[in-house]
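Grab a pencil and work through these exercises one at a time. Try each task yourself before you read its solution.

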Amino acid sequence: MDLIKRGLSKITRVKTIPEDMHETALSRCLNTFDITLLGIGHMIGAGIYVLTGTVVREKAGPSAVLSFLFAGFAALLSALCYAEFGARIPKAGSAYSYTYVTIGELWGFIIGWNIILEHMIGAASVARAWSGAMDAIFNQAIRNGTIESIGRLSHENEWVSEYPDLVATGITIVAFTIIGFGAKISINFNSVFTILNTLVLLFIIIAGFSFADTSLWSSSSGYGFMPFGFEGTISGAATCFFAYIGFEGIAIASEEARDPEKSIPRATVLSLLTVTCLYLLATASLTLMIPFYDTNTSAAFPFAFDEVGAHWAKYIVAGGTLLGISTSLLGGAFSLPRSVYAMAEDGLLFHFLAYIHPKTQTPIFAVIVFGLISALMALLFEISTLVEFMSIGTLFGYTIVAASIIILRYQPVSKCQFKLKPEEQPAGTTTTSVSEPSMTTVNETTPLSKSDPTTPVKQSDKRSMLPKSKSHDDFGRLRQNLRQVPILRRFEPGDGVKSAVVLMGVFMIGLCLVVIEGASYLKEAAWWSVSLVVIFSFLIVIFYLVIVAHEKNDAFLTFQIPFVPLLPALSMLINIALMLSLTKLTWLRLVIWITVGLLVYFVYGIHYSRENKKTQGYGPMVEYTGDATIPENTISGMTEEVKELQPQRKDEGLYQ
């Protein structure tokens, strides 16, 4: 039993936050503008040039504009959760660090392990997209030449690439080489590419609207604005969501930000608003140029300009495609080694991966090792397999971060590691400066301060101390008028909310499974499917109200997402729905990846964790092995003075 308790205490221990959160071996050299462009560059790349054609042609038609709007809102919910943690914990680990601090080590490791997978696959898939765009310019000459000289790797295999993509491998190595030279150099490359890409997108939007035919959006065209119905628009939103996942790179860059408390939230909101506007306008221009059913899924914009007779424009678009994909590749290559560094620095991965090169101030071994793995994946695997596998790990991380926000906001002060705002003094009260101790002498009627027994508390301070203690000490407890709720009053502060968040997430999974897997039964109004939807919805609302019944902590000094727990709970529901819409094969791959990660954790990470070293203590400070003896008269002379316990003063209970 003791062994089980020790094991549970290890996997649930939380990361201790250092007093100086700004201390780091990395270089704090990035401002808000740099980080905003990093976020924009990470999000606008393969998404706009590759994803848009597929969504318009196969899922939503002209209503793909709304699909991007809905997806942008869902991404904003997750991004705000990341922004709150990024401002409060300016470390490179992103969701890994947030989960480790809030929920515990095992969950933190699982999230970090998935983030590494996400960025590895992200870099490899974007490199494949870059190679495909380059090949399209040369009319498949690269593909055909490679197959003729080297041969095929597979025939119609959904896992392995048709041919070894040497171009994708080469561009991946180039990107990681740039990243290895330092944050400022890589960000400068990213900024230049992002600005040029934005100019190309503005050209696409302006030129596209000049060929606009508004009848393509009306019912007179035979299809209307929603040819696939509202369901198609929502299905398109699920696909479009993955065009926004690069915002996590902003949080990862927080350890290299000069003023993360301000720049991370600002960069998050600015980049998402900019990207959403560009996506909406570009999609609108595409669907107004040509009918949605004529859209080319692999090269939507060049084909559209060809159709309207602007053949010259496709070369500008092709250049913009390469620029956009290059910024996405640099963003993924920037985030990956820093995620590895954060876990290795905490001892959960091999420590040599945390080595910082003194000249470049980058985790150089993490750059080399994982850059080569990403290059190998780009060489061998098909892009569609890579993208789908990346999506599930990303959504899993988003869900846990949203849950962590709720748990953190309802933690008691005793478990909160962050500095809080000073409590407001009630109107009409006065406090006396500590620098005037001579005005009051310690006697029977003057109690001592609880925080500092050497400092007397004046009678005039009694009124200010009582509400101050009540305010902060109530965080995580039931609200004053609900203190006698039978079951909830038995929970320790914060534990009731944590249990409610877990159960709410479980019933969200049940609701989404019924809606997604049992959609046909719901259309037929089968009694059992409707009953399950009602039951799961009712239980979700019940546990949401349990969370609301507790006192919330809004006293943090840094950025706070508004409308907690509503917005994080909504983010959890959306992310769970998107995860469950993915294929069963993708879930199987995730289970295999997590199993490998758990093996790494229990063989290495749990033993070499920094938190494990802290809990082991120092052992005996001094051990005497000599043979000296103490005289008996000395021992008999040792006496202990025992004082009788004094009764408690009547007014002492007021301050305890």
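**Exercise 1. Helix H22**

Which residues of H22 are buried? Then check the length of this helix and look for a bend.

*Solution.* Keep in mind that you are looking at a predicted model.

Step 1: The buried residues of H22 are Thr 586, Arg 589, Leu 590, Trp 593, Ile 594, Gly 597, Val 600, Tyr 601, Tyr 604, Gly 605 and Ile 606.

Step 2: Now for the length. H22 covers residues 584-608, which makes 25 residues. At 1.5 Å a residue, the helix should span 36 Å. Its end C-alpha atoms are 35 Å apart, so the two values agree.

Step 3: Follow the axis and you'll find a bend of about 50° at Tyr 601. Tyr 601 is also one of the buried residues from step 1.

**Exercise 2. The whole protein**

How many helices and strands are there in the protein, and what share of its residues is buried?

*Solution.* Step 1: Count the elements: 24 helices and zero strands.

Step 2: Of the 656 residues, 51% are buried.

Step 3: Turn to the outside. About 31,500 Å² is exposed, and carbon and sulfur atoms supply 65% of that area.

Step 4: Finally, the contacts. Take those with a separation of 6 or more: 82% of them join residues 24 or more positions apart.

**Exercise 3. The core and Gly 505**

Which residues have the most contacts inside the largest nonpolar core? Pick Ile 406 and list what it touches, then do the same for Gly 505.

*Solution.* Step 1: The largest nonpolar core has 173 residues, and Phe 241, Tyr 244, Leu 349, Ile 406 and Met 504 have the most contacts inside it. Helix H6 (residues 105-137) gives the most to this core, 18 residues.

Step 2: Leave out residues up to four places away in sequence. Ile 406 then touches Val 497, Val 501, Met 504, Ile 547, Pro 565, Pro 568, Ala 569 and Met 572.

Step 3: Gly 505 sits in helix H18 (residues 495-517). Its relative accessible area is 11%, so Gly 505 counts as buried, the cut-off being under 20%.

Step 4: With the same neighbours left out, Gly 505 touches Met 572 and Ile 576. Met 572 is also among the residues that Ile 406 touches.

Step 5: Gly 505 and Thr 399 are 106 residues apart in sequence, yet their C-alpha atoms are 9.0 Å apart in space.

**Exercise 4. Aromatic pairs**

How are the planes of Phe 203 and Phe 305 arranged? Start from the pair Phe 85 and Tyr 98.

*Solution.* Step 1: The structure holds 31 aromatic pairs. In one of them, Phe 85 and Tyr 98 are stacked, 4.7 Å centre to centre with 15° between the planes. Phe 85 is in helix H4 (residues 64-88) and Tyr 98 in helix H5, 13 residues apart. Both are buried.

Step 2: For Phe 203 and Phe 305, the centres are 6.4 Å apart and the planes are at 25°, so this pair is stacked. The pair links helix H9 (residues 183-210) with helix H13 (residues 300-307), and the two residues are 102 apart in sequence.

Step 3: Compare their exposure. Phe 203 has a relative accessible area of 22%, so it is partly exposed. Phe 305 has 0%, so it is buried.

Step 4: Ring pairs also link Tyr 82, Phe 85, Tyr 98, Phe 241, Phe 247 and Tyr 398 into a cluster.

Key:
Residues are numbered from 1 along each chain as its sequence is written. This is a predicted model: local features need pLDDT of at least 70, side-chain atom pairs count only at pLDDT 80 or more; totals for chains, interfaces and linings use all residues. Side-chain values use heavy atoms; hydrogens and water are left out. Helices (H or I, at least four residues) and strands (E, at least two) are DSSP runs, numbered from the N terminus. Buried means under 20% relative accessible area, exposed over 50%, partly exposed in between (1.4 Å probe, protein chains only). Contact means heavy atoms within 4.5 Å. A nonpolar core is a set of buried Ala, Val, Leu, Ile, Met, Phe, Trp, Tyr and Cys residues joined through side-chain atoms within 4.5 Å. The expected span of a helix is 1.5 Å times one less than its number of residues. The bend at a residue is the angle between axes fitted to the seven residues ending there and the seven starting there. Accessible areas come from the Shrake-Rupley method with a 1.4 Å probe; for residues, only the protein chains shown count as cover. Rings of Phe, Tyr and Trp (its six-membered ring) pair if their centres lie within 6.5 Å; planes under 30 degrees apart count as stacked, over 60 as edge-to-face and the rest as tilted.
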